[in-house]
Amino acid sequence: MAEDALERLMQRQRPSVPPRTDELEPPMKSLQQSASGGHGSGYSDSSKSTGVDVNMSVSRDDEAELPQLVRTTTRLEEEIDKALRHLCMDEKITKEVWFEAAYLYLVEHPKAMQAVNGMAKERYQRRKRAADLRKLETMQKRLRG
């Protein structure tokens with residue numbers, strides 16, 4: 001059997017799976033009502049041969065209010081990341097949302113923004129020195145070895 005799998009990998013063939021012939025049972029009426037809240041919540045439930053299909057209707061006005069998000073990678077010091085993760089778990093929010101809220105608060109409070117920017121510049125210089133030291137250590141190891 002292991003040889004067959006290896007052979008399939010070597011030939012890059014995927015095994016064929018027969019199509020399903022059984023259908024999902026339609027959900028009970030009471031489950032549909034409890035899922036939709038029993039009143040017009042903007043969801044429409046329809047049970048067809050594929051099961052329950054839940055669609056959410058969004059108006060164009062709502063689409064204009066939806067925030068446009070970008071994906072970023074943030075590197076934090078280990079202790080700060082751990083503390084921030086615990087804070088966010090306790091508050092039931094994400095780190096990204098916390099960063100956004102902190103930034104919006106600082107925009108509204110210029111003195112606090114100046115203080116945070118001062119701390120950030122000091123931390124940046126410290127990180128830069130640490131990166132330079134790591135580069136030097138790596139260079140020394142390569143020259144010795």
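**Trp98 and its aromatic partner.** Trp98 is partly exposed, with a relative accessibility of 33%; here buried means under 20% relative accessible area, exposed over 50%, and partly exposed in between (1.4 Å probe, protein chains only). Please keep in mind that this is a predicted model, in which local features need pLDDT of at least 70 and side-chain atom pairs count only at pLDDT 80 or more, while totals for chains, interfaces and linings use all residues. Residues are numbered from 1 along each chain as its sequence is written, and side-chain values use heavy atoms, with hydrogens and water left out. The structure holds one aromatic pair, and Trp98 forms this edge-to-face pair with Phe99. The ring centres of Trp98 and Phe99 are 5.9 Å apart, and 70 degrees lie between their planes. Rings of Phe, Tyr and Trp (its six-membered ring) pair if their centres lie within 6.5 Å; planes under 30 degrees apart count as stacked, over 60 as edge-to-face and the rest as tilted.

**A closer look at Phe99.** Phe99 sits in helix α5; helices (H or I, at least four residues) and strands (E, at least two) are DSSP runs, numbered from the N terminus. Like its partner in the previous view, Phe99 counts as partly exposed, and its relative accessibility is 32%. Setting aside residues up to four places away in sequence, Phe99 touches Leu76 and Leu84, where contact means heavy atoms within 4.5 Å.

**The largest pocket.** How much space lies in the largest pocket? The volume comes to about 1,300 Å³. A pocket is an open set of points on a 1 Å grid over the protein atoms alone, where a 1.4 Å probe fits, with protein on both sides within 12 Å along at least five of seven lines; lining residues have an atom within 4 Å of a point. Volume is the space filled by probe spheres set on the points, which are joined across faces, edges and corners. The lining has 29 residues, and Thr74, Leu76, Leu84, Trp98 and Phe99 lie nearest the centre of the pocket. The elements that give two or more residues to this lining are α4 (78-91), α5 (95-108) and α6 (110-144). Helix α5 gives the most, with nine residues. By class, the lining has 16 nonpolar, four polar and nine charged residues; Ala, Val, Leu, Ile, Met, Phe, Trp, Tyr, Cys and Pro count as nonpolar, Asp, Glu, Lys and Arg as charged, and the others, Gly among them, as polar.

**Asp81 in helix α4.** Is Asp81 buried or exposed? Asp81 counts as buried because its relative accessibility is 16%. You will find Asp81 in helix α4. Not counting residues up to four places away in sequence, Asp81 touches Leu76 and Lys95. For the wider picture, 5% of the 145 residues of the protein chain count as buried.

**Lys92 in the loop that follows.** Lys92 lies in the loop between α4 and α5. Lys92 is not a glycine, although it has a positive phi of about 60 degrees. With a relative accessible area of 73%, Lys92 is exposed.

**Glu77 and the second largest pocket.** Glu77 is found in the loop between α3 (60-65) and α4. A relative accessible area of 28% makes Glu77 partly exposed. Which residues does Glu77 contact, leaving aside its neighbours within four places in sequence? They are Arg123, Arg126 and Arg127. Glu77 and Arg127 are 50 residues apart in sequence, yet their C-alpha atoms are 9.9 Å apart in space. Both residues also line the second largest pocket, together with Tyr124, Arg126, Lys128, Ala130, Ala131 and Arg134. About 170 Å³ of space lies in this pocket. Its lining comprises three nonpolar, no polar and five charged residues.

**Stepping back to the chain.** Six helices and two strands make up the secondary structure of the protein chain. Follow the sequence and you will meet the pattern α-α-β-β-α-α-α-α. Of the contacts between residues at least 6 apart in sequence, 24% join residues at least 24 apart.
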